[in-house]
Each structure stands twice: as C-alpha cells, then as structure tokens.
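Student: Please pick one part of this model and take a close look at it. I would like to know what surrounds it, and then how it fits into the rest of the chain.

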Amino acid sequence: MSDFGAMSLLELFREELDAHAAALDAGLLALEASPDDRATLDALMRAAHSIKGAAKIVGLEAGVQIAHAMEDVFVAARAGELRVHRGIIDAELACVDLLRQLATCDEAAAKAFKDTRAADITAAVAALVAARTAPGPLQPAV
C-alpha cells in the first residue's frame with residue numbers, strides 16, 4: 001500500500017498510470033478476441049479518461065494529449081462509429097508504452113516530455129487517427 005501523503009504529484013500520476021496501463025493492456029488484448037465487447041470498451045474508455053485527468057492535474061500536457069486521443073477511439077468504438085481492429089489495438093498499445101515512458105521520467109524530464117518527445121507524440125496520435133480511418137478486419141490472435 002502506498003503512503004499517498006508523502007508522495008509528489010508525479011509519483012501519484014505514476015501510481016495512477018500503473019493501475020490504468022495494466023487495465024489498458026488487458027482490455028486491448030481482450031478486444032482481439034471480442035472487438036465489440038461493450039464492457040471492455042467502457043473499461044478502456046474509463047482508463048484512458050482517468051489517465052488524461054491525472055496528467056492534467058499534474059500538468060503533463062503530453063499525457064493529456066496521448067490519453068485524450070486514446071479515449072476518443074474508445075468513445076467512437078462504443079458509439080459504433082468504428083470497429084476495433086489490429087491496427088487500432090497496435091496504435092493504442094504504442095500509446096500505452098509512450099505513457100509508461102513519460103511516467104519513468106524525473107520531474108523536469110516529465111514536464112519537458114511534450115517538447116523533447118514531440119515527434120513521438122505526434123506519430124503516436126497520428127497512428128491512432130490513421131488506424132481509425134483505415135478499415136481493417138481484426139486479425140486473429142497468434
């Protein structure tokens with residue numbers, strides 16, 4: 001159990017990200033077998049939304065931007081505007097990895113992440129947008 005009273009805001013963000021990133025990983029893998037599962041999509045949307053909120057509280061604009069793009073995909077899938085496929089899952093998992101990299105930074109590097117990793121953030125968000133617009137059947141898990 002963590003002693004939240006002694007933690008910095010960045011450490012609290014790390015705790016929040018750890019919990020929700022694990023849920024994102026598990027949910028995204030579950031979508032491979034069942035891409036229209038509403039409960040899984042709901043859980044994924046909530047996880048991305050929670051990460052976005054935590055990043056906003058801590059002032060990590062990079063985290064807000066990445067999590068917001070992720071959340072938008074889940075909202076669209078829940079609304080039936082797109083069907084989750086391998087490209088979306090891969091793009092979402094890449095975003096989770098990028099968020100984990102953000103969480104490993106010290107405070108100064110975390111604040112500068114939006115500038116120092118701008119190309120990576122832009123590429124990750126662009127991959128989500130491209131995956132949303134590219135129709136693709138879900139490939140069976142290997």
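Tutor: Contact here means heavy atoms within 4.5 Å. With that cut-off, take helix H2 in this predicted model. H2 spans residues 38-58. The cover over its buried residues includes H1, helix H3 (61-78), H4 and helix H5 (107-116).

Start with the geometry. H2 has 21 residues. From first C-alpha to last, H2 reaches 30 Å, close to the 30 Å expected at 1.5 Å a residue. Its N-terminal end is capped by aspartate 37. A side-chain oxygen of that aspartate lies 3.0 Å from the backbone nitrogen of alanine 39. At the other end, glycine 59 follows H2. The phi of glycine 59 is positive, near 85 degrees.

Next, the buried residues. Which positions of H2 are buried? They are Thr40, Leu41, Asp42, Leu44, Met45, Ala47, Ala48, Ile51, Lys52, Ala54, Ala55 and Val58. Lys52 and Asp42 are on that list, along with Leu41 and Ile51.

Leucine 41 repays a closer look. This residue sits in H2. Its relative accessible area is 3%, so leucine 41 is buried, the cut-off being under 20%. Beyond residues up to four places away in sequence, leucine 41 touches Leu31, Pro35, Asp36, Phe74, Ala77, Arg78 and Val84. Alanine 76 is 35 residues from leucine 41 in sequence. In space, the two C-alpha atoms are 9.8 Å apart.

Aspartate 42 comes next, also in H2. At 18% relative accessibility, aspartate 42 falls under the 20% cut-off and therefore counts as buried. Its side chain makes a polar contact with the side chain of arginine 78, at 2.4 Å.

Now the charged pairs. The whole structure holds 8 salt bridges. One of them pairs arginine 100 with aspartate 25, at 2.7 Å from N to O. Arginine 100 lies in helix H4 (residues 86-103) and aspartate 25 in helix H1 (residues 9-33), so this pair ties together parts that are 75 residues apart in sequence. Both partners are partly exposed: arginine 100 has a relative accessible area of 30%, and aspartate 25 has 22%.

Another salt bridge joins arginine 86 and glutamate 32, with N and O 3.7 Å apart. It too links distant parts of the chain, with arginine 86 in helix H4 and glutamate 32 in helix H1, 54 residues apart. Buried or partly exposed, for these two? Arginine 86 is partly exposed at 22% relative accessibility. Glutamate 32 is buried at 16%. H1 and H4, which hold these partners, are also among the elements that cover the buried residues of H2.

A further pair is lysine 114 and aspartate 115, whose closest N and O atoms are 3.4 Å apart. Lysine 114 is partly exposed, at 37%. Aspartate 115 is exposed, at 54%. Elsewhere, salt bridges that share partners join Arg38, Asp42 and Arg78 into one network. That network returns us to H2, since aspartate 42 is in that helix.

The cysteines can be dealt with quickly. How many disulfides does the structure hold? The count is 0. Cysteine 95 is buried, with a relative accessible area of 0%. Cysteine 105 also counts as buried, at 14%.

Finally, the setting. The chain comes to 6 helices and 0 strands. Along the sequence, the pattern reads α-α-α-α-α-α. The chain has 142 residues, of which 42% count as buried. Among contacts in the chain with a separation of 6 or more, 73% come from residues 24 or more positions apart. The accessible surface of the chain is about 7200 Å². Carbon and sulfur atoms account for 58% of that surface.

To pull H2 together: aspartate 37 caps its N-terminal end, and glycine 59 follows it. In between, leucine 41 is buried and touches residues that include Leu31, Phe74 and Val84. Aspartate 42 makes its polar contact with arginine 78 and belongs to the salt-bridge network with Arg38 and Arg78.

Terms used: Residues are numbered from 1 along each chain as its sequence is written. This is a predicted model: local features need pLDDT of at least 70, side-chain atom pairs count only at pLDDT 80 or more; totals for chains, interfaces and linings use all residues. Side-chain values use heavy atoms; hydrogens and water are left out. A salt bridge is a side-chain nitrogen of Lys or Arg within 4 Å of a carboxyl oxygen of Asp or Glu. Helices (H or I, at least four residues) and strands (E, at least two) are DSSP runs, numbered from the N terminus. Buried means under 20% relative accessible area, exposed over 50%, partly exposed in between (1.4 Å probe, protein chains only). A polar contact is a pair of N or O atoms within 3.5 Å; within protein, one must be able to donate a hydrogen and the other to accept it, and residues adjacent in sequence count only if both atoms are side-chain atoms. A disulfide is a pair of cysteine sulfur atoms within 2.5 Å. Accessible areas come from the Shrake-Rupley method with a 1.4 Å probe; for residues, only the protein chains shown count as cover. The expected span of a helix is 1.5 Å times one less than its number of residues.
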